[in-house]
Amino acid sequence: MHRLLIVDDEESIVFAMTRYFKARGFAVDAAREMEEAQALLVNYQYAAVIVDLRLTGVHGAEGLDIIDHIRQRCPATRTVLLTAYGSPELEAEAKARGVDAVLRKPQALPDLAQLVLSLVEEAE
Amino acid sequence: MSLLARLLEPEALSLVFQPVFEAADDGGGHAVHSFEALTRGPVGTNAFAPNVLFEYARRKGHEATLDRICLENLLRAMTLLPGRVRCSFNVHASTLQRDAGFAAHVLERAHTHGLEPSRLTIEIVEHAPDWSGRGFLRALGQLRDGGMRIALDDIGLGQSNYRMILDCRPDYFKIDRYVVQGCPTDTGRQAIIDSLVVLARKFGARVVAEGIESRAELTAVRLLGVDLLQGFLLSAPLPATDCSALLSPAPGR
């Protein structure tokens with residue numbers, strides 16, 4: 001069973017994603033803030049992490065900080081960055097920091113699940 | 001409400017006690033030596049798991065706050081335990097280093113609750129690399145002078161290294177489950193346990209094997225000279241109200 005971490009501060013998105021991915025056989029954890037995500041990443045191994053660019057916090061782009069953390073500590077983990085503020089510059093920066101895919105919000109869950117599954121299977 | 005706000009609410013954290021048993025069996029089974037207090041985060045959150053709870057608190061810069069809450073919970077719960085049973089509790093080395101009033105606070109709170117500090121063992125844990133300093137050593141001295149004992153947790157892993165042994169001069173060496181589990185068939189693990197037992201003897205300390213889950217592990221660590229045993233084979237962590245049933249007439253060293 002693949003273990004998935006969802007990092008987003010919007011409760012309704014976390015709820016919907018968690019239910020969707022669990023129904024498709026993933027083990028799912030969810031974090032609402034950067035430090036909570038990092039505490040989970042230190043303790044558990046994830047096949048993939050879906051992270052929102054902006055979480056409640058002071059930086060405005062905590063999602064990229066989480067990506068940095070993952071690249072340094074868990075290089076095998078696949079990453080998907082979700083953002084409502086997409087731009088070619090942001091996408092380029094995210095890719096440069098090692099993100100596997102950048103998607104605009106809102107994203108249809110079947111498409112997201114397809115992408116996550118292909119990234120995870122590719123890594124195996 | 002953020003996770004941090006939930007953690008800091010009254011009654012958010014719960015406490016269970018895992019017994020530590022004497023390795024020597026006088027024919028009547030292994031006597032209880034002490035109980036280790038283990039904190040759990042709010043049910044239904046990621047922080048229910050203690051490793052996530054403390055890592056999260058550390059990243060939020062609230063390790064010392066959490067350590068103080070855990071201490072208060074422990075002292076309150078100890079009033080439910082019978083007799084003069086001894087308890088240990090985990091404190092981050094970084095808390096002792098950075099929270100200059102922590103050691104005095106522990107002793108003052110123990111006094112307020114009517115508990116002799118000699119019934120308390122402080123288990124030093126640390127996962128961050130920047131623990132060491134004069135504040136840490138001063139706090140350890142204060143706690144020891146106050147009558148408390150010192151245990152070093154997770155020996156051989158992370159920051160629980162030779163330097164930490166030299167600085168802490170622990171009364172108890174706690175060998176992590178990573179070393180204990182699988183030791184009956186792994187000569188490498190046996191060699192590490194054997195060397196830690198020899199080292200502990202030279203420091204006048206006792207050795208605790210954590211994470212014992214099989215009869216074979218229990219037998220192996222006893223043969224290697226471990227003094228004290230802890231693990232699910234002997235007992236899972238218990239609520240304070242269930243601890244009395246395990247106690248023999250004279251718990252303790």
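**Figure 1. V208(B) and its partner in β8 of chain B.** In this predicted model, V208(B) stands opposite L228(B) in β8(B), and the neighbouring pairing brings A209(B) together with its bridge partner L229(B), also in β8(B). The two strands, β7(B) and β8(B) (residues 228-229), run parallel and are joined by 2 bridges. Turning to strand β6 (residues 172-175) of chain B, the pairing with β7(B) is again parallel and extends over 4 bridges, with V208(B) serving in β7(B) as the bridge partner of K174(B). V208(B) is thus a residue of β7(B) with a partner in β6(B) and one that stands opposite a residue of β8(B).

**Figure 2. Strand β7 of chain B, covered on both faces.** Strand β7(B) comprises residues 206-209, and R206(B) and V208(B) on one side, like V207(B) and A209(B) on the other, are all buried. Together with helix α10 (residues 215-223) of chain B and β8(B), this strand makes a β-α-β unit that is right-handed. The wider setting is a barrel into which 8 strands of chain B close, following the order β1-β2-β3-β4-β5-β6-β7-β8, with mixed pairing.

**Figure 3. Helix α6 of chain B and its buried face.** Helix α6(B), which covers residues 134-145 and so has 12 residues by the DSSP assignment, reaches 16 Å from its first C-alpha to its last, close to the 16 Å expected at 1.5 Å a residue. Its buried residues are F136(B), A139(B), L140(B) and L143(B); seen down the axis of α6(B), these fall within an arc of 100°, so they line one face of the helix. An α-helix has 3.6 residues a turn, so residues three or four places apart point the same way. On the other side of α6(B), the exposed residues are R134(B), G141(B) and D145(B). The elements against which the buried residues of α6(B) pack are, in chain B, the helices α4 (93-98), α5 (102-112) and α7 (162-168) together with the strands β4 (120-125) and β5 (149-155). After the helix comes G147(B), which has a positive phi, near 110°.

**Figure 4. C243(B) in the segment after the last barrel strand named in the order.** C243(B) is found in the segment after β8 of chain B and counts as buried because it has 24 C-beta neighbours inside 10 Å. Leaving aside residues up to four places away in sequence, C243(B) touches F17(B), F35(B), L81(B) and L238(B). R206(B), one of the buried residues of β7(B), lies 37 residues from C243(B) in sequence and 23 Å from C243(B) in space, C-alpha to C-alpha.

**Figure 5. Strand β3 of chain A between two parallel neighbours.** Strand β3(A) is mostly covered, with 5 of its 5 residues buried. A48(A), I50(A) and D52(A) point one way from the strand, whereas V49(A) and V51(A) point the other way, and all are buried. The pairing of β1(A) with β3(A) is parallel and runs over 4 bridges, and within it L4(A) stands opposite A48(A). With β4(A), strand β3(A) pairs in the parallel sense over 5 bridges, and here D52(A) stands opposite L82(A).

**Figure 6. Helix α3 of chain A and its packing.** Helix α3(A), formed by residues 62-73, has 12 residues and reaches 17 Å from its first C-alpha to its last, which is close to the 16 Å expected at 1.5 Å a residue. Buried in this helix are E62(A), G63(A), L64(A), I66(A), I67(A) and I70(A). These buried residues pack against β1 (3-7), β3 (48-52) and β4 (78-83), as well as against α2 (34-43) and α4 (88-96), of chain A.

**Figure 7. Helix α2 of chain A and the contact between the chains.** Helix α2(A) is mostly covered, since 8 of its 10 residues are buried by the criterion of 20 or more other C-beta atoms within 10 Å; they are M34(A), E35(A), E36(A), A37(A), Q38(A), A39(A), L40(A) and L41(A). What covers them includes β1, β2 (27-31) and α3 of chain A, and from chain B α1 (3-7) and α2. Across the two chains, 9 residues of chain B are in contact with 11 residues of chain A. Helix α2 (residues 50-59) of chain B gives the largest share of the side of chain B that touches chain A, namely 5 residues. By class, that side has 3 nonpolar, 3 polar and 3 charged residues.

Conventions: Residues are numbered from 1 along each chain as its sequence is written. Chains are lettered from A and ligands numbered from 1 in the order in which they are written. This is a predicted model: local features need pLDDT of at least 70, side-chain atom pairs count only at pLDDT 80 or more; totals for chains, interfaces and linings use all residues. The expected span of a helix is 1.5 Å times one less than its number of residues. A residue is buried if 20 or more other C-beta atoms lie within 10 Å of its own, exposed if 12 or fewer, and partly exposed in between; C-beta atoms are placed from the backbone. The arc is that of the directions from the helix axis to the C-beta atoms. Two residues are in contact if their C-beta atoms, placed from the backbone, lie within 7 Å. Two strands pair if DSSP finds at least two bridges between them. A crossover is right-handed if, with the strands pointing away from the viewer, the path from the first strand over the helix to the second runs clockwise. Ala, Val, Leu, Ile, Met, Phe, Trp, Tyr, Cys and Pro count as nonpolar, Asp, Glu, Lys and Arg as charged, and the others, Gly among them, as polar.
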